[in-house]
Amino acid sequence: MNKNEKPIYIIGHKNPDTDSISAAIAYTNLKHETGYSNCIAARCGNVSSETQYVLDRFDVKAPKFVGDVRTQVRDMDMRKIPGVSEEMSLKDAWRIMKENKVVTLCITDDKYLKGLITTGDIMESYMGSYDANTLSQAKTSYVNIVDTLDGTLLVGDLGDIQSEGKVLIGAGTPDILEEYIKPHDIVILGDRYESQLCAIEMEADCLIICAGTNVTKTIQKIAKEKGVKIISTPHDSFTVARLIYQSIPIRHFMRTKDLITFKMDDYIEDVQPVMASTRHRYFPVVDSAGRYKGMVSRRNFLAATKKRIILVDHNEKGQAVNGMENAEILEIIDHHRLGTVTTNKPVYFRNQPLGSTCTILYLMYKEADVEISPQIAGVMLSAIISDTLLYRSPTCTEMDKKAGQKLAEIAGVDPEELAKEMFTAGSNLADKSPDEIIHQDFKRFAAGNLNVGIGQISSMSSNELSNISETLIPELERAAKKDGLDILFFMLTNILQESSDVLFYGQGAEITLEVGFGVTSKDHKKVHLPGVVSRKKQMLPTVLTSLEQQSNS
């Protein structure tokens with residue numbers, strides 16, 4: 001893995017529990033300590049009350065929310081050509097396009113996209129312009145005119161705007177010039193003193209003196225008295241007449257309506273059809289506030305990079321962040337059964353039968369000889385306590401206990417006291433809706449052709465669990481249909497009694513529990529399972545085995 005590449009998101013499962021969040025934080029910290037500063041701790045669900053208590057207690061920021069890891073416009077190799085001012089001349093716009101080998105420029109105002117102009121727009125404006133009043137109609141600045149003509153302003157104010165009059169070449173005698181020079185005109189002239197004086201007397205706004213001809217002090221003095229500008233240019237009159245229209249500001253021709261733009265967070269699978277249906281070569285990209293960020297073309301799709309992720313605390317496709325199949329998985333660190341995540345190439349996969357992902361990470365810190373800070377030790381210990389129910393769960397191993405003991409010493413906390421506070425915070429569900437309670441710690445699994453969901457909450461209060469049970473039973477059908485589940489189980493685990501009441505919904509759910517655990521439901525809504533506290537090691541394997549037996553019978 002290249003340490004200097006694009007961000008790598010270390011992310012747990014949907015409806016993340018304390019182990020999932022803590023693992024993302026702890027592994028990101030380990031990556032940073034070993035030189036991978038591009039790793040970012042992420043989550044794809046809300047932080048539970050229990051987990052929030054842990055984060056607050058150890059003063060750790062929640063991971064960044066990443067709800068979808070499909071490739072976005074921000075993952076493309078954008079052309080980051082700066083936006084230009086609407087006052088820029090056509091000549092400068094054309095030059096910038098040629099230098100950058102693009103056919104489109106984005107026009108911005110204080111970084112916000114205002115419009116765009118293409119080489120086609122410039123060619124059309126230049127080839128189709130026969131109106132001698134175009135410069136004044138476009139309110140062209142003398143800054144643009146002087147710069148475009150490579151000239152020098154000898155008389156007048158460079159900050160003025162040409163807002164009236166036409167452009168003409170002062171050919172012929174003064175008698176002839178008097179016939180067609182009107183007030184506010186711009187007159188292109190040579191070295192003839194009489195013609196220069198005539199143009200001034202006819203109240204022209206500006207004289208453009210070609211071929212670097214010397215302008216007498218007398219003419220300059222008279223022009224100044226009359227408020228007439230004089231520009232000296234090294235170009236001949238033909239070249240000046242050709243160039244001067246390139247001084248027009250691009251705002252006069254830019255497009256401002258019906259612009260096709262993309263946002264940084266747009267997914268490229270949504271962008272591609274739009275690109276395919278239009279003939280534009282480049283498309284502006286803006287952020288959520290409308291600030292210009294760059295341009296993309298069809299060619300940029302070839303260089304679009306997939307988001308890079310590391311999965312922690314899961315390896316089931318149904319539990320993974322949305323768009324996972326479109327991302328590049330680099331690693332998986334997990335302590336569950338082998339699931340349905342597949343990869344296109346070999347990855348680092350560490351799976352150990354331990355009670356918590358953070359126990360695996362504790363071992364990885366030791367293997368890397370990286371010191372664990374009190375903050376990180378606190379969140380890792382909390383994850384182990386949460387997943388093992390303070391070492392009461394059958395998933396708990398001696399390694400979990402050893403890791404927990406050492407992490408408690410580093411964090412300077414009493415595991416019993418921490419567990420009590422955590423579980424109390426986690427079981428405080430008074431302000432949560434039934435849907436929030438069901439999905440607080442919820443995972444879905446594939447069992448043959450069936451989609452099975454198993455949720456779980458833990459509490460030290462029998463009364464609280466009983467009250468929650470009555471609230472959730474009527475909601476199970478709605479939750480199952482919403483999530484596209486065939487069967488739904490919900491475990492209400494009593495930590496002190498080391499047992500669970502299991503609510504169920506779905507065809508075959510009741511018989512599955514009866515076959516698997518040898519229990520019969522009295523009300524066809526729930527069963528009581530003494531000694532069953534682990535979803536991973538007790539509930540899920542038994543449910544899967546029972547479903548398999550039923551399908552084979």
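The exercises below walk through a predicted model, each with a worked solution.

**Ground rules**

Residues are numbered from 1 along each chain as its sequence is written, and side-chain values use heavy atoms, with hydrogens and water left out. Because the model is predicted, local features need pLDDT of at least 70 and side-chain atom pairs count only at pLDDT 80 or more, while totals for chains, interfaces and linings use all residues.

**Exercise 1. Place K229 and state whether K229 is buried or exposed.**

Step 1: Find the element. K229 is in strand β12, residues 229-232. Helices (H or I, at least four residues) and strands (E, at least two) are DSSP runs, numbered from the N terminus.

Step 2: Apply the cut-offs. Buried means under 20% relative accessible area, exposed over 50%, and partly exposed in between (1.4 Å probe, protein chains only). K229 has 9% relative accessibility, so K229 counts as buried.

Step 3: List contacts, meaning heavy atoms within 4.5 Å. Leaving out residues up to four places away in sequence, K229 touches Y142, L153, V155, G156, D157, D160, D205, C206 and L207.

**Exercise 2. Describe the sheet that holds β12.**

Step 1: Write the order. It is β7-β12-β11-β10-β9, an open sheet of five strands with mixed pairing. Two strands pair if DSSP finds at least two bridges between them. Strands of a sheet pair through backbone hydrogen bonds, either parallel or antiparallel.

Step 2: Find the edges. β7 (152-155) and β9 (167-169) each have a single partner strand, so one side of each is left without a neighbour in the sheet.

Step 3: Add the twist. From one strand to the next, it averages 25 degrees.

Step 4: Look at one pair. β7 and β12 run antiparallel, joined by three bridges. L153 has I231 in β12 as its bridge partner.

Step 5: Add the helix. α9 (residues 217-226) packs on the sheet and touches β7 and β12. The direction of α9 makes about 75 degrees with that of β7. Axes are lines fitted to C-alpha atoms, for helices over the stretch in contact, and angles run from 0 to 180 degrees between N-to-C directions.

**Exercise 3. Which residues have the most contacts inside the largest nonpolar core?**

Step 1: Define the core. A nonpolar core is a set of buried Ala, Val, Leu, Ile, Met, Phe, Trp, Tyr and Cys residues joined through side-chain atoms within 4.5 Å.

Step 2: Name the residues. The largest core has 51 residues, and Y27, L361 and M380 have the most contacts inside it. Helix α13 (residues 374-388) gives the largest share of this core, eight residues.

Step 3: Take one example. Apart from neighbours within four places in sequence, L361 is in contact with A23, A26, Y27, I333 and M380.

Step 4: Note the other core. Another core of 38 residues lies apart, with I81, A93, V102 and I145 among its members.

**Exercise 4. How do α13 and α15 cross?**

Step 1: Read the geometry. The axes of α13 and α15 (residues 415-426) come within 10 Å and cross at roughly 70 degrees.

Step 2: Classify. Angles under 35 degrees count as roughly parallel, over 145 as roughly antiparallel, 65 to 115 as roughly perpendicular and the rest as oblique. The two helices α13 and α15 are therefore roughly perpendicular.

Step 3: Name the contact. L381, S382, I385 and S386 in α13 meet P415, L418, A419, M422 and F423 in α15.

Step 4: Sort by class. The contact has seven nonpolar, two polar and no charged residues. Ala, Val, Leu, Ile, Met, Phe, Trp, Tyr, Cys and Pro count as nonpolar, Asp, Glu, Lys and Arg as charged, and the others, Gly among them, as polar.

**Exercise 5. Why is β22 largely enclosed by the rest of the structure?**

Step 1: Locate the strand. The open sheet runs β19-β20-β21-β22-β23, with mixed pairing. β19 (442-447) and β23 (526-530) are the edge strands.

Step 2: Check both neighbours. Seven bridges join β21 to β22, and five join β22 (residues 499-505) to β23. Each of these pairs runs antiparallel. F489 pairs with F504 in β22, and S500 with L529 in β23.

Step 3: Look over the sheet. Helix α19 (residues 509-517) lies across β21, β22 and β23.

Step 4: Conclude. Five of the seven residues of β22 are buried, so β22 is largely enclosed.
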